[in-house]
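Me: I should like a close look at a single part of this model, with each term explained as it appears. Please choose one strand and describe its surroundings.

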Amino acid sequence: MYTIKTLNAISPVGLAKLPASQFEIDNEAAAPQGILVRSADMHEMPLPESLLAIARAGAGTNNIPIEECTNAGIVVFNTPGANANAVAELVVGALIAGSRNMVDAVQWAQGLKGRDTIAKDVEKGKKQFVGPELRGKTLGVIGLGAIGARVANAAVSLGMEVLGYDPYISIDAAWSLSRSVQHCVTLGDMLPRCDYLTIHVPYLPTTRHTINAQTLAMCKDGVRVLNFARGELVDNAALLDALDSGKVAHYFCDFPTEELLGVKGVECTPHLGASTPESETNCAVMAAAELSDYLKNGNITHS
Ligand code: MLT
């Protein structure tokens, strides 16, 4: 019998992959063999000596102390691709909503009062919230993994020119993702050409502040930036300066912070990328399967 501790609410469909005859789910367990986690930050948590594996129901593993786990012989799994569709759909929604000022326009329209004046106010709103179409504009996608590739393909189907930058995939692989995505060899090749920029890379020491004062300076004036990957990929101070100067026209991100909230031109959702029932189920099923296969058979998949 293996004891599994869950640190976040995990979809029951996933937990059902751990049959009660072999696995005990005990969220208070002091000596679990396995941990299932979504977003709980494990960096400050002691790792029990009994622990053999951690499975994260999500793609990023930055909430897990990987080095300590490696030193202690604890295997860490994630669920690459399991929530890619959910994140990509939200990014496409944000691309459209940000460009067409939908968030501000909806809030403004909710404040309209009085039947007689609504028609006149609507005329004002039509002018106030004008925003550019996507068709014919250029989108730069940093990172062409499961999420970035989906966003790139959706943007192509919206009529955008799509440039991709990913130093970890070959030009052949980039072409097989989508023949319409133009592969750039350096960020410097891509950034000056983008009207919109979206980032889809994991948060690692090497990717911290990928979007910073230097990279923003290479961008077109008025570029619109999206970040639904991790907040730390963007240097917020540089981003705020760029918004102030007009270099960046709009920043849509999934990571609200004190400094960003309430700033004109910034819109934030509360880390909603993977929050769909489908994605929560997919991630939980994959994470539970990985944990089960490792604990029972010693097999390592997707770690
Ligand atoms: C991920 O890394 O895939 C997301 O952060 C998942 C989540 O929101 O839980």
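Reply: Two strands pair if DSSP finds at least two bridges between them. Helices (H or I, at least four residues) and strands (E, at least two) are DSSP runs, numbered from the N terminus. Residues are numbered from 1 along each chain as its sequence is written. The model is predicted: local features need pLDDT of at least 70, side-chain atom pairs count only at pLDDT 80 or more, and totals for chains, interfaces and linings use all residues.

The part chosen here is strand β3, which covers residues 34-37. One of its partners is strand β1 (residues 2-6); the two strands pair in the parallel sense over 3 bridges. Within this pairing, Lys5 has Ile35 of β3 as its bridge partner. Strand β4 (residues 53-56) also runs parallel to β3, and 4 bridges join them. Here Gly34 stands opposite Ala53 of β4.

The side chains deserve attention next. In a regular strand the side chains alternate between the two faces of the sheet. In β3, Gly34 and Leu36 point one way, whereas Ile35 and Val37 point the other way. All four residues, Gly34, Ile35, Leu36 and Val37, are buried. A residue counts as buried if 20 or more other C-beta atoms lie within 10 Å of its own, as exposed if 12 or fewer do, and as partly exposed in between, with C-beta atoms placed from the backbone. Thus Ile35, the bridge partner of Lys5, is buried, and Gly34, opposite Ala53, is buried as well.
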